[in-house]
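Work through the exercises below with the structure open beside you. Try each task before you read its solution.

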Amino acid sequence: MSSYIIIGAGVFGTSTALHLKTRYPNANVKLIDRHDPDAPTRPAASWDWNKVVRADYRDITYCRMALEAQDEWRTNPLWRPFYHETGIYWISRTGFAQKVVDNFKALGRDAELYALPVQEARGLYGGIFDSADYEGVEKVLINKTSGWAAAKDALRAGIKRAIDIGVEYISAEVDLLEFDQEARCIGVRIHDGSTIIAQRTVLCTGAFTPVLLERTASHTSRDAFRPHQRMIAAGVTTGLVTLDDETAEAFKEMPVCIQENPTWRGPSNGTLPPIEGNQIKFWGQSIFQFPQGNPHISTPPAGAEYDQWDVPDTLKADVAIANEATFGKRGTDWKIHTHRICWDCVTPSEDFIISRHPASEGLFVATCGSFHGWKFLPVIGRYVTQMLEGTLESDLEKRWAWDRPLPSEPGREWPRLDLRDLRGDA
């Protein structure tokens with residue numbers, strides 16, 4: 001009987017457990033996470049009130065994959081209850097809108113999707129975006145087939161389904177990877193000192209991945225485990241606004257709104273439609289790292305919760321910029337509350353890593369959502385399973401490989417700020 005350990009019950013880990021156990025019902029699949037399956041909060045990017053679900057990509061490969069994921073969100077009874085197709089209103093300064101329209105056409109997908117001149121677009125949805133920042137914008141992307149999903153609820157449902165079909169869920173903190181005398185990965189050592197053994201170990205560990213690999217390199221004295229510049233732990237800040245009943249009524253048909261920024265301001269900011277309690281979520285435009293330790297690598301703050309609720313005033317102000325850029329004077333008096341730092345693992349190209357780790361037989365990596373991976377929850381495990389069985393299509397195998405060439409310049413999501421500076425650390 002084949003056996004697998006999947007470390008991390010986020011998007012990549014939960015989806016992999018589901019697809020792996022469904023495809024191989026007799027396999028022994030263990031899903032290990034530091035949090036209980038019904039934990040009220042988690043610090044990772046996979047836990048949130050809501051997340052954007054969209055196939056609006058410049059890159060046609062991710063566009064195709066996201067369309068597959070959206071089909072599952074719409075039709076699969078497991079995911080359908082959590083999906084809301086509100087549409088998307090994407091303010092871009094880069095010609096993005098037409099590229100998305102072209103990708104949908106090339107993939108043969110019909111959608112209520114179009115690029116509108118600013119003056120025409122700003123009157124849509126009752127004019128709620130009429131005061132947004134349109135400087136330098138020629139066209140706004142409108143896609144009525146995009147939307148959002150209730151993130152933490154969908155993730156919990158996925159974990160529950162995995163357990164129901166026979167995945168063993170273990171709540172434990174993983175300290176180290178375990179190896180045999182031939183340097184083959186044979187499992188993990190958890191915080192109480194005990195070991196869990198399997199033929200294959202898959203790291204779906206998000207922002208914790210660089211920490212675990214650096215720790216493994218130090219413990220084994222093998223530099224080949226180190227991530228180097230392949231990935232980095234990065235954070236972004238979110239916050240909530242509670243609308244009054246009158247405003248909530250005016251916003252009930254609101255779509256997701258994304259504001260693609262000039263490069264100097266950061267990749268994007270935006271907001272999602274009201275959830276229960278008339279709350280809308282904003283995310284800030286600043287992506288940051290937190291270099292610490294020896295060697296000096298970016299890692300989330302210590303502790304199970306990564307200090308996710310301890311948000312400095314500079315990052316609260318960063319979230320406020322999203323409000324101003326989206327709603328202008330309309331949101332002047334809104335009070336943003338419940339700020340949170342969301343941690344993910346980012347690659348220089350913003351591509352995932354779904355690959356065997358060349359330093360050790362039996363060790364695999366499936367992570368690096370790069371702040372756009374959540375929407376793939378229903379399908380990403382299928383690709384991880386294909387990687388494990390050696391059937392992943394060649395182009396994706398090369399694109400997601402551990403040892404792929406790095407770009408000369410990192411992408412827009414790569415962190416360019418330091419949390420220590422943002423906090424005003426001495």
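The model shown here is predicted.

**Exercise 1. Two helices that cross**

Task: Describe how helix α1 packs with helix α9, and say which residues meet.

Solution.
- Step 1. Recall the description to aim for. Two packed helices are described by the angle between their axes and the distance between the axes.
- Step 2. Find the helices. α1 covers residues 11-23, and α9 covers residues 380-389.
- Step 3. Give the geometry. The axes of α1 and α9 are 7 Å apart, at an angle of about 65 degrees. The crossing of α1 and α9 is right-handed.
- Step 4. List the contact. From α1 come Val11, Phe12, Ser15, Thr16, His19, Leu20 and Arg23. They meet Ile380, Gly381, Arg382, Val384, Thr385, Leu388 and Glu389 in α9.
- Step 5. Sort the residues. The contact of α1 with α9 has six nonpolar, five polar and three charged residues.

**Exercise 2. A second helix pair**

Task: Do the same for α2 and α3: at what angle do their axes cross, and which residues meet?

Solution.
- Step 1. Find the helices. α2 spans 60-75, and α3 spans residues 96-106.
- Step 2. Give the geometry. The axes of α2 and α3 cross at roughly 65 degrees and come within 10 Å. The crossing of α2 and α3 is right-handed.
- Step 3. List the contact. Ile60, Cys63 and Leu67 in α2 meet Asn103, Phe104 and Ala106 in α3.
- Step 4. Sort the residues. The contact of α2 with α3 has five nonpolar residues, one polar and no charged.

**Exercise 3. A sheet of three strands**

Task: Work out the order of the strands in the sheet that holds β3, β8 and β4, and explain why β3 and β4 are edge strands.

Solution.
- Step 1. Recall how strands join. Strands of a sheet pair through backbone hydrogen bonds, either parallel or antiparallel.
- Step 2. Write the order. The open sheet runs β3-β8-β4, with antiparallel pairing.
- Step 3. Find the edges. β3 (50-53) and β4 (83-84) each have a single partner strand, so one side of each is left without a neighbour in the sheet.
- Step 4. Check one pair. Four bridges link β3 to β8 (residues 147-150) in the antiparallel sense. Asn50 stands opposite Ala150 in β8, and Lys51 has Ala149 as its bridge partner in β8.
- Step 5. Look at the faces of β3. Asn50 and Val52 lie on one side, and Lys51 and Val53 on the other; all are buried.

**Exercise 4. The helix across the sheet**

Task: Describe α5: how many residues does it have, which of them are buried, and what do these pack against?

Solution.
- Step 1. Place the helix. α5 (residues 151-164) lies across β3 and β8, running at about 60 degrees to β8.
- Step 2. Check the length. α5 has 14 residues and reaches 20 Å from its first C-alpha to its last, close to the 20 Å expected at 1.5 Å a residue.
- Step 3. Pick out the buried residues. They are Ala151, Lys152, Ala154, Leu155, Ala157, Gly158, Ile159 and Ala162.
- Step 4. Recall the helix repeat. An α-helix has 3.6 residues a turn, so residues three or four places apart point the same way. Among the buried residues of α5, look at Ala151, Ala154 and Gly158 with this in mind.
- Step 5. Name the partners. The buried residues of α5 pack against α1, β3, α2, β8 and β9 (168-171).
- Step 6. Look past the end. Just after α5, Gly166 takes a positive phi of about 115 degrees.

**Exercise 5. One residue in a strand**

Task: Is Ile91 buried or exposed, and which residues does it touch?

Solution.
- Step 1. Place the residue. Ile91 belongs to strand β5 (residues 88-91).
- Step 2. Apply the cut-off. Buried means under 20% relative accessible area. Ile91 has 0% relative accessibility, so it counts as buried.
- Step 3. List the contacts, leaving out residues up to four places away in sequence. Ile91 touches Ala132, Asp133, Tyr134, Val137, Val140, Cys257, Ile258, Gln259 and Glu260.

**Exercise 6. A hairpin**

Task: Describe the pairing of β22 with β23, and find the residue with a positive phi in their hairpin.

Solution.
- Step 1. Pair the strands. β22 (residues 353-356) and β23 (residues 363-367) run antiparallel and are joined by four bridges.
- Step 2. Match one pair. Ile354 stands opposite Ala366 in β23.
- Step 3. Inspect the hairpin. Six residues lie between the strands, and Gly362 takes a positive phi near 90 degrees.

Technical notes: Residues are numbered from 1 along each chain as its sequence is written. This is a predicted model: local features need pLDDT of at least 70, side-chain atom pairs count only at pLDDT 80 or more; totals for chains, interfaces and linings use all residues. Side-chain values use heavy atoms; hydrogens and water are left out. Axes are lines fitted to C-alpha atoms, for helices over the stretch in contact, and angles run from 0 to 180 degrees between N-to-C directions. Helices (H or I, at least four residues) and strands (E, at least two) are DSSP runs, numbered from the N terminus. A crossing is left-handed if the near helix is turned anticlockwise from the far one by less than a right angle, and right-handed if clockwise. Contact means heavy atoms within 4.5 Å. Ala, Val, Leu, Ile, Met, Phe, Trp, Tyr, Cys and Pro count as nonpolar, Asp, Glu, Lys and Arg as charged, and the others, Gly among them, as polar. Two strands pair if DSSP finds at least two bridges between them. The expected span of a helix is 1.5 Å times one less than its number of residues. Buried means under 20% relative accessible area, exposed over 50%, partly exposed in between (1.4 Å probe, protein chains only).
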